[in-house]
Amino acid sequence: MSGTKQSVTVIGLGPMGQAMAGAFLDRGYDVTVWNRTASRADALVARGAVLAPNVEEALVSNELVILSLTDYDAMYATLEPAAAALAGRILVNLSSDTPEKARAAACWAAERGAVQLTGGVTVPPSGIGQAESATFYSGPREVFDQHRPALEVITGRTDHRGEDPGLAALMYQIGMVMFWTSMLSYWQAITLADANGLTAADILPHAVETANSLPGFFSFYAERIDAGRHIGDVDRLAMGMASVEHVLHTNADAGVDTTLPAAVVELFRRGMDAGHAADSFSTLVELMKKAEA
Ligand code: NDP
């Protein structure tokens, strides 16, 4: 820390890192930045950030180092050459990757005298610095507690999931599997609408209402799934099978890509073949727990 002022280093100035460095500047922190492409620091330097001449300088400038890189491979590419400067650093790694890679990186950091806090930011750049935005963290609890005020500059809400460095990455990936597949389902709906002369704007209210209905289904099925109850009292897999085939055929008839609806049909068919026609379609969770043989 320089003087009594709070200070932080941000390495990686993509849209996320830029927003984070900007949020720290807004709160009066002394901010040191480094990025492979130095010009991406220009706007931050104009606002008072210090551009370190190299990664070593960026690391030694502050105990608290925020990493916002594309993935963990980018982290190794960035930090390996400066590994001697890692001792004593707290690496808040907000780069997304797999839980396994987060665990391996925590060991790698520890071997070099640094501590990694893994983070999973759940908002886009526009959400950085906002009180209602949230980030998952995992790693040493006392390190998290000690640096919590700084972490709350990045997002107002912080959720420490445990000591295992993979947990924050896991929570992030749980959100992302839902995000990407949900957004693809939206693209599919727009594609089908377009083939029938409707615009994205035309179907927007219907799309929003459909998405808003999902949380009710999540809650209803969560209890039953945790209890292992897949009774077909309100829905039957056989009904779902017919429905997802209608979806596939409607898309095929429209001449649009059917990769996504065909994959859904495939999963339902496997459930039917396994003898679950009379069970709830939540029984597919049991099927999906195992990789396909
Ligand atoms: P970008 O991929 O746009 O930028 C990340 C940074 O990584 C850039 O500064 C880039 O440097 C650097 N980088 C990539 N590869 C290397 C390398 N081999 N060596 C050195 N530096 C490298 O990512 P974002 O800023 O959008 O996101 C950062 C992280 O946050 C990602 O892991 C992303 O998944 C995650 N995230 C992103 C969200 C979003 O909405 N954007 C939302 C939530 C999480 P250079 O400028 O030189 O290319």
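This presentation describes the overall build, the open and enclosed spaces, and the salt bridges of one protein chain.

Good morning, colleagues. The model before you is a predicted one, and the values I shall quote were computed from it.

I begin with the chain as a whole. The protein chain has 293 residues, and buried residues make up 39% of them. Its secondary structure consists of 11 helices and eight strands. Measured out along the principal axes, the C-alpha trace spans about 70 × 45 × 30 Å. The surface that the chain exposes comes to about 15,300 Å², and carbon and sulfur atoms supply 59% of that area. As for contacts, if we take those with a separation of 6 or more, 63% join residues that are 24 or more positions apart in the chain.

I turn now to the spaces, and to the pockets before the cavity. How much space lies in the largest pocket? The volume is about 2,500 Å³. This pocket is lined by 47 residues, and those closest to its centre are S182, S185, L214, F218 and F281. Five helices each give two or more residues to the lining: α7, α8 (200–226), α9 (237–253), α10 (259–273) and α11 (284–288). Which of these supplies the largest share of the lining? That element is α8, with 16 residues. By residue type, the lining of the largest pocket contains 31 nonpolar, 12 polar and four charged residues.

The second largest pocket holds about 810 Å³ of space. Its lining is made up of 34 residues, and M16, S68, L69, T70 and S96 are the closest to its centre. At least two lining residues come from each of α1 (15–26), α4 (72–79), β6 and α7. Here the largest share, six residues, belongs to α7. The lining of this second pocket divides into 19 nonpolar, 13 polar and two charged residues. I would draw your attention to helix α7, which is named among the contributors to the largest pocket and also among those to the second largest.

Next, the enclosed space. How many cavities of 30 Å³ or more does the structure hold? There is one, and its volume is about 50 Å³. The residues around this cavity are Y72, S95, S96, D97, T118, G119, G120, A169 and Y172. Two elements give two or more residues to that lining, namely β6 (115–121) and α7 (166–195). Strand β6 gives the most, with three residues. In terms of type, the cavity lining comprises three nonpolar residues, five polar residues and one charged residue. One of the residues that line the cavity is S96, and S96 is also listed among the residues closest to the centre of the second largest pocket.

My last topic is the salt bridges. The structure holds 12 of them, and I shall present three.

The first joins the side chains of E100 and R103, with a distance of 2.9 Å from N to O. Both residues belong to helix α5 (residues 99–111), where they stand three residues apart, about one turn of the helix. How do the two partners differ in their exposure to the surroundings? E100 counts as exposed because its relative accessibility is 54%, and the cut-off for that class is over 50%. R103, with a relative accessible area of 27%, is partly exposed.

The second example pairs D159 with R161, whose side chains meet at 3.1 Å, N to O. D159 is partly exposed, at 29% relative accessible area. R161 is likewise partly exposed, and its figure is 40%.

The third salt bridge links D233 and R224, and the closest N and O atoms are 2.8 Å apart. Is R224 buried or exposed? R224 has a relative accessibility of 10% and therefore counts as buried, since buried means under 20%. Its partner D233 is partly exposed, with a relative accessible area of 47%. Beyond these pairs, E100, R103 and D164 are joined into one network by salt bridges that share partners.

To close, I return to three points. The largest pocket has a lining to which α8 gives the largest share. The cavity, of about 50 Å³, has a lining to which β6 gives the most. Among the 12 salt bridges, the pair of E100 and R103 lies within helix α5. Thank you for your attention.

Methods:
Residues are numbered from 1 along each chain as its sequence is written. This is a predicted model: local features need pLDDT of at least 70, side-chain atom pairs count only at pLDDT 80 or more; totals for chains, interfaces and linings use all residues. Side-chain values use heavy atoms; hydrogens and water are left out. On a 1 Å grid over the protein atoms alone, a cavity is a set of points where a 1.4 Å probe fits but cannot get out, and a pocket is an open set with protein on both sides within 12 Å along at least five of seven lines; lining residues have an atom within 4 Å of a point. Grid points are joined across faces, edges and corners, and a volume is the space filled by probe spheres set on the points. Helices (H or I, at least four residues) and strands (E, at least two) are DSSP runs, numbered from the N terminus. Ala, Val, Leu, Ile, Met, Phe, Trp, Tyr, Cys and Pro count as nonpolar, Asp, Glu, Lys and Arg as charged, and the others, Gly among them, as polar. Buried means under 20% relative accessible area, exposed over 50%, partly exposed in between (1.4 Å probe, protein chains only). Contact means heavy atoms within 4.5 Å. Accessible areas come from the Shrake-Rupley method with a 1.4 Å probe; for residues, only the protein chains shown count as cover. A salt bridge is a side-chain nitrogen of Lys or Arg within 4 Å of a carboxyl oxygen of Asp or Glu.
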